[in-house]
Amino acid sequence: MTELRIGRAARLLGVSDDTLRRWIDAGRLDSHPDAAGRAVVDGAALARFLSDSAPEHDDPVDRASSARNRFVGIVTGVVSDTVMSQVEMQCGPHRVVSLMSTEAVRELGLEVGSLATASVKATTVILETPSDTED
């Protein structure tokens, strides 16, 4: 069973250690002491908490799509030449970079500050795990 120390769990949630401790004290999430007596959170419980408390994003794309991996965000950079462009977005804590034709950038009206949705549909998604689980 994966156990995460309070500091690491807080970083994954995007909150401070103190906020996570308040949530634990309020009963929103459970913790227990590990073998060394440090407070830890069960990884499966944290995953459920993340799924249950994920905010609904206002997706500006008003149409059906088979892509399930959608990231709503703000365009933070556009680098174009005559043929290709690199568009960078900040989607919550995640940076998403897309390469597309410069023609597509113009047609979509993409510029720094534009609201957009990055849709990712890939047959290969690489997952990695940390080499250590200690903070």
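Select strands S2 and S3 to begin: in this predicted model, the two pair in the antiparallel sense over two bridges. Within this pairing, locate Pro33, which stands opposite Ala39 in S3.

Now widen the selection to include strand S1. Three strands form an open sheet here, in the order S1-S3-S2, and the pairing is antiparallel. Strand S1 (3-5) and strand S2 (32-33) are the edge strands, each pairing on one side only.

Next, add helix H1, residues 6-13. H1 lies across S1 and S3, and its direction is at about 90 degrees to that of S1.

The next stop is helix H2, residues 17-25. Display the side chains of Thr19, Leu20, Trp23 and Ile24, which are buried. Then turn the view until it looks down the axis of H2: the buried residues fall within an arc of 140 degrees, so they line one face of the helix. An α-helix has 3.6 residues a turn, and therefore residues three or four places apart point the same way.

Which residues are carried by the face of H2 turned away from its buried side? Select Arg22 and Asp25; both are exposed and are found on that face.

Return to the buried side of H2 and show its surroundings. The cover over the buried residues includes helix H1 (6-13), strand S3 (39-42) and helix H3 (43-53). H1 and S3 thus appear again at this stop, as parts of the cover over H2, after their earlier appearance where H1 lies across S1 and S3.

Continue past the end of H2 to Gly27. This glycine follows the helix, and its phi is positive, near 85 degrees.

Now show the whole protein chain, which has four helices and seven strands. Followed from the N terminus, the elements run β-α-α-β-β-α-β-β-β-α-β. The chain contains 135 residues, of which 28% are buried. Of the contacts between residues at least 6 apart in sequence, 46% join residues at least 24 apart. With the surface displayed, the accessible area comes to about 9,700 Å², and carbon and sulfur atoms account for 51% of that area.

Finally, colour the chain by pLDDT. The average is 86, and 87% of the residues score at least 70. Where do the lowest and highest mean values among the elements lie? Select H3 for the lowest mean pLDDT, 83, and then helix H4 (residues 102-108) for the highest, 96.

Terms used: Residues are numbered from 1 along each chain as its sequence is written. This is a predicted model: local features need pLDDT of at least 70, side-chain atom pairs count only at pLDDT 80 or more; totals for chains, interfaces and linings use all residues. Side-chain values use heavy atoms; hydrogens and water are left out. Buried means under 20% relative accessible area, exposed over 50%, partly exposed in between (1.4 Å probe, protein chains only). The arc is that of the directions from the helix axis to the C-beta atoms. Contact means heavy atoms within 4.5 Å. Accessible areas come from the Shrake-Rupley method with a 1.4 Å probe; for residues, only the protein chains shown count as cover. Two strands pair if DSSP finds at least two bridges between them. Axes are lines fitted to C-alpha atoms, for helices over the stretch in contact, and angles run from 0 to 180 degrees between N-to-C directions. pLDDT is the predictor's confidence in each residue, from 0 to 100.
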